[in-house]
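The following exercises concern ligand surroundings and domain packing. Please attempt each task before reading its solution.

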Amino acid sequence: MSDTNWFNEARYGMFIHWGVYSYAARGEWFPNRELVPFEEYKTRYAENFKAERYDPKAWAKLAVDAGMKYAVLTTRHHDGFALWPTQTSDFHAGNIGPMRDLVGPYVAAFREAGLKVGFYFSPASWFHPDYPGPHFRDWPNEGDWKDSGQRDRFIEHYKAQLIELMSNYGKIDYLWYDGCIPDDLQSREVNEAVLALQPEILINERNGEPFHVEVCEQAIKPPAEDILWEACMTLNDNWGYHAGDHNWKQSHDVIQMLTDTARNGGNLLLNIGPKSDGSVPQESVDILTAAGDWLKRNGEAIYGAEKCPFSWNNWGKVTMKGSKVYLNIFKCTGTELCYGEIKNKVLSAKFLESGVSIDFEQKDGRLFLRDLPVPLKDPIATTIVLELDGQPEAIREQTSFWIPG
Ligand code: FHN
């Protein structure tokens with residue numbers, strides 16, 4: 001039976017895109033975009049991907065300092081290069097480049113740090129001889145298989161790699177499928193084989209049923225149905241390391257995204273793209289650590305947060321847990337803040353970090369919080385915690401998905 005509790009408590013994880021493409025330092029799709037031939041990819045890039053400064057304990061410490069509770073590492077991206085010494089091909093880290101297993105140390109380090117361990121795995125494998133090809137402008141279609149023999153061999157290949165990953169590294173908490181594949185590659189059978197080896201694992205929806213988590217990418221779009229869900233986002237514009245991409249989000253943006261996923265009862269899987277040598281770009285470290293400092297002070301508003309019934313507003317993101325409501329204020333509204341959403345009787349109002357009580361009044365469905373400091377103390381967001389009389393209820397329901405701006 002898959003263990004879903006940790007996921008809803010975690011609310012925040014680290015996505016790690018790292019592989020041969022990190023050596024090229026221009027994103028993980030460059031071999032497809034630049035029509036790179038396999039031999040060139042192997043000799044010019046894979047052989048130079050050495051992971052010489054690889055320190056998964058440092059990655060795990062960064063995740064802990066960031067306030068993250070789990071991680072998902074690209075064990076094999078679309079390029080087909082396995083970060084573990086697979087028996088299914090020669091194109092792996094034990095045979096080319098690092099000349100050692102990179103997955104085992106990741107699992108050990110993140111487990112030791114008390115984090116849940118996830119594997120990203122792309123069934124698509126551009127350079128595999130039985131895959132339709134590496135340079136489609138999007139993805140191959142069912143008609144692009146050379147023949148049924150090729151398709152059958154490819155299914156055996158990707159299934160064998162998953163069996164290795166699910167058998168050789170102890171308990172794995174999360175399998176994160178990615179990539180579009182030409183057609184259903186016996187996904188139900190493969191996922192059931194995964195669950196037979198890892199009964200408590202969570203699986204995302206990208207390789208079909210059975211799955212447990214629905215993921216959205218570069219946008220926060222909660223699913224309509226009541227299901228575990230997660231938004232994955234880059235810190236700049238690239239998943240894999242890109243030396244020319246300086247379009248970094250700031251810690252303020254990270255907490256905006258995190259409060260937005262949490263208020264909708266979902267998780268944020270935020271990406272780092274380590275360099276080829278295994279070091280993490282300093283910008284990523286600084287941004288994640290500053291956001292982690294906010295979480296050290298206000299994490300109660302995020303971890304375990306439940307889907308909030310309240311509509312949007314012009315000053316912040318409102319999260320909730322049990323009978324508590326957290327007003328995460330990003331934009332100061334002056335010495336008074338009026339909140340017109342809560343049906344319940346408010347029993348108390350305090351600054352979350354300091355515990356200092358706030359003068360408040362409720363009248364005709366309007367909650368007035370008064371004598372607030374201007375400017376608010378926290379440069380990222382100041383959180384006020386309200387204790388309500390019972391489970392939070394909205395005065396009126398938002399029936400359309402319309403948010404200005
Ligand atoms: O093609 C991949 C991409 O390289 C990256 O891994 C993202 C992360 O979720 N997923 C796919 C694009 O949707």
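**Exercise 1.** How far apart do the C-alpha centres of domain 1 and domain 2 lie?

*Solution.* The model is predicted, so local features need pLDDT of at least 70 and side-chain atom pairs count only at pLDDT 80 or more, while totals for chains, interfaces and linings use all residues. Residues are numbered from 1 along each chain as its sequence is written, and side-chain values use heavy atoms, with hydrogens and water left out.

Step 1. Domain 1 spans 5-301 and domain 2 spans 316-388, bounds that come from an automatic or database domain assignment.

Step 2. The separation of the two C-alpha centres is 38 Å.

**Exercise 2.** Determine what domain 1 and domain 2 bury between them, and identify the salt bridge formed by Arg-297.

*Solution.* Step 1. Contact (heavy atoms within 4.5 Å) involves 14 residues of domain 1 and 16 residues of domain 2.

Step 2. The buried area (accessible area, 1.4 Å probe, that two parts lose on being put together, summed over both) is about 1400 Å², with 56% of it on carbon and sulfur atoms. On the domain 1 side, Arg-297, Glu-300 and Ala-301 lose the most area to domain 2, together 38% of what that side buries.

Step 3. Between the domains there are 4 salt bridges, each a side-chain nitrogen of Lys or Arg within 4 Å of a carboxyl oxygen of Asp or Glu. Arg-297 pairs in this way with Glu-353, the closest N and O atoms being 3.5 Å apart.

**Exercise 3.** Describe the shell around the ligand by class, and give the distances from ligand oxygen atoms to His-17, Tyr-120 and Glu-217.

*Solution.* Step 1. The ligand is surrounded by 13 residues, each with a heavy atom within 4 Å of it. The closest are His-17, Glu-28, His-78, Asp-178 and Glu-217.

Step 2. By class, the shell comprises 6 nonpolar, 3 polar and 4 charged residues.

Step 3. A polar side-chain atom of Glu-217 lies 2.5 Å from a ligand oxygen atom. For an N or O atom in the side chain of His-17, the distance to an oxygen atom of the ligand is 2.7 Å; for a polar side-chain atom of Tyr-120, the corresponding value is 3.4 Å.

Note on methods:
A polar contact is a pair of N or O atoms within 3.5 Å; within protein, one must be able to donate a hydrogen and the other to accept it, and residues adjacent in sequence count only if both atoms are side-chain atoms. Ala, Val, Leu, Ile, Met, Phe, Trp, Tyr, Cys and Pro count as nonpolar, Asp, Glu, Lys and Arg as charged, and the others, Gly among them, as polar.
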